[in-house]
Amino acid sequence: FSKKLGEEQLQVLADSSTVDRSKLDSKIGYLQITSVTPYFNSAELKRRTVGFDRLHNLNRFLYETPYTQTGVGHSNTIADQYKKKTILTVEKYFPYMKKRLLITLKEEITLSPIECNLEAIENRTELLQSEVRANPSNSKTLTAVLQGSLRLQVNAGPQEICRVFLADGKTFDEQFVTKLKAALRQFLIACKTALDLNYSLISEPEQRVFHDELVQGYNELKALMEPSIGTLGEEANLAGGQGALSPPSTFNSVSHEPTPRKGTWSRRRLSTAARKELLDAIKEDNHD
């Protein structure tokens, strides 16, 4: 475009914010560039279950724009952070012979601060559950997701959400407050299930030390959140052997009952029955 129009006649708009056309120079060409992700509604997600289906025959795309009511993009507090989701529909389906397709429909959805954080918690819960469902299990990615969810010095999100939106005296839409409490409970249960899986994959003493740190983070997070979301039942309690920072032992399957230590470490994988037990637990949690 710069070769055709000249560099002085072309300006790139690098963000996804709304453009005020009245402020544009009619003598200059403008390009607005932003990244997008494929967009699927709930029915499509059920139909497109494999990676290939989610990368082909695409004609709807999504990008998100954070904003505040003061006009700046990002706020220092989650209580003032809004988000606009823009859904674009193009005339044909990608992959296509052309690299660019004409946009035929533009839809916008605005999320309030509490809705933004509800969505963030639901996405994190889905990420944890995806790690548990993975077959074979990937201990590296599982540990990374748990670290981002549980170590308070890394991610202070869930307890800050409780403080801002669920503290006594706060006046937010009761419908979203109820949904947020349920989502936070599911998040803690998903963390517990992922910790159970991570515990069964320990193969080195160093891994047990790091796992104990994750357990400590889980217990601290659970203690901070329960006054806001209510006390969780047995489904949120860790399996036996994970509560204390103790020397590493070997454990049986998902029950994690300690067995006599033999002085060496061997890699343990979940049995088919144990994996089924974990997946059934996730289904029951989602159903509830």
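Student: Which residues does Met225 touch, not counting residues up to four places away in sequence?
Tutor: In this predicted model, Met225 touches Pro158, Cys162, Leu184, Phe187 and Leu188.

Student: Where is Met225 found?
Tutor: Met225 belongs to helix H7, which spans residues 205-229.

Student: Is Met225 buried or exposed?
Tutor: Met225 has a relative accessible area of 0%. The cut-off for buried is under 20%, so Met225 is buried.

Student: How far apart are the C-alpha atoms of Met225 and Leu166?
Tutor: Their separation is 9.7 Å, although the two residues are 59 residues apart along the chain.

Student: Two of the contacts were Pro158 and Cys162. Which residues of helix H5 are buried?
Tutor: Helix H5 covers residues 157-165, and its buried residues are Pro158, Gln159, Ile161, Cys162, Val164 and Phe165.

Student: What covers the buried residues of H5?
Tutor: The cover includes helix H3 (113-133), H6 and H7. Met225, itself in H7, touches Pro158 and Cys162.

Student: What about cysteines? How many disulfides does the structure hold?
Tutor: The structure holds zero disulfides. Cys162 counts as buried at 3% relative accessibility, and Cys116 is buried with a relative accessible area of 11%.

Student: Let us change topic. How many salt bridges are there in the structure?
Tutor: There are eleven salt bridges. One of them joins the side chains of Glu64 and Lys83, at 3.5 Å from N to O.

Student: Which parts does the pair Glu64 and Lys83 tie together?
Tutor: Glu64 lies in strand S4 (residues 58-67) and Lys83 lies in strand S5 (residues 82-94), so the salt bridge ties together parts that are 19 residues apart in sequence. Glu64 is partly exposed, with a relative accessible area of 36%, whereas Lys83 is buried at 13%.

Student: Where do Lys192 and Asp196 lie?
Tutor: Both lie in helix H6 (residues 174-200), four residues apart, which is about one turn of the helix. Their side chains meet in a salt bridge of 2.8 Å, N to O. Lys192 is buried, and Asp196 is buried as well.

Student: Which residues are joined into one network by salt bridges that share partners?
Tutor: That network joins Glu64, Lys83, Lys85 and Glu119.

Student: And which side chain meets Glu108 in a salt bridge?
Tutor: The side chain of Lys106 does, at 3.9 Å from N to O. Glu108 is partly exposed, with a relative accessible area of 46%.

Student: Back to the helices. How is a pair of packed helices described?
Tutor: One gives the angle between the two axes and the distance between them.

Student: At what angle do the axes of H4 and H7 cross?
Tutor: The axes of helix H4 (residues 139-150) and H7 cross at roughly 35 degrees and come within 9 Å. The crossing is left-handed.

Student: Which residues of H4 and H7 meet?
Tutor: From H4 there are Thr143, Leu146, Gln147, Ser149 and Leu150, and they meet Phe210, Leu214, Gly217, Tyr218 and Leu221 in H7.

Student: Last topic: what is the mean pLDDT of the protein chain?
Tutor: The mean is 82, and 80% of the residues reach 70 or more.

Student: Where does pLDDT stay under 50?
Tutor: It stays under 50 over residues 244-269. For that stretch the model has 61 contacts beyond four places in sequence.

Conventions
Residues numbered from 1 in each chain as written. Heavy atoms only, no water. Helix = DSSP H or I, 4+ residues; strand = E, 2+ residues; numbered from the N terminus. Buried < 20%, exposed > 50% of the residue type's maximum accessible area, 1.4 Å probe, protein only. Contact = heavy atoms within 4.5 Å. Salt bridge = Lys/Arg side-chain N within 4 Å of Asp/Glu carboxyl O. Disulfide = S-S within 2.5 Å. pLDDT = per-residue confidence, 0-100. Axes fitted to C-alpha atoms, helices over the stretch in contact; angles between N-to-C directions. Left-handed = near helix turned anticlockwise from the far one by under 90°.
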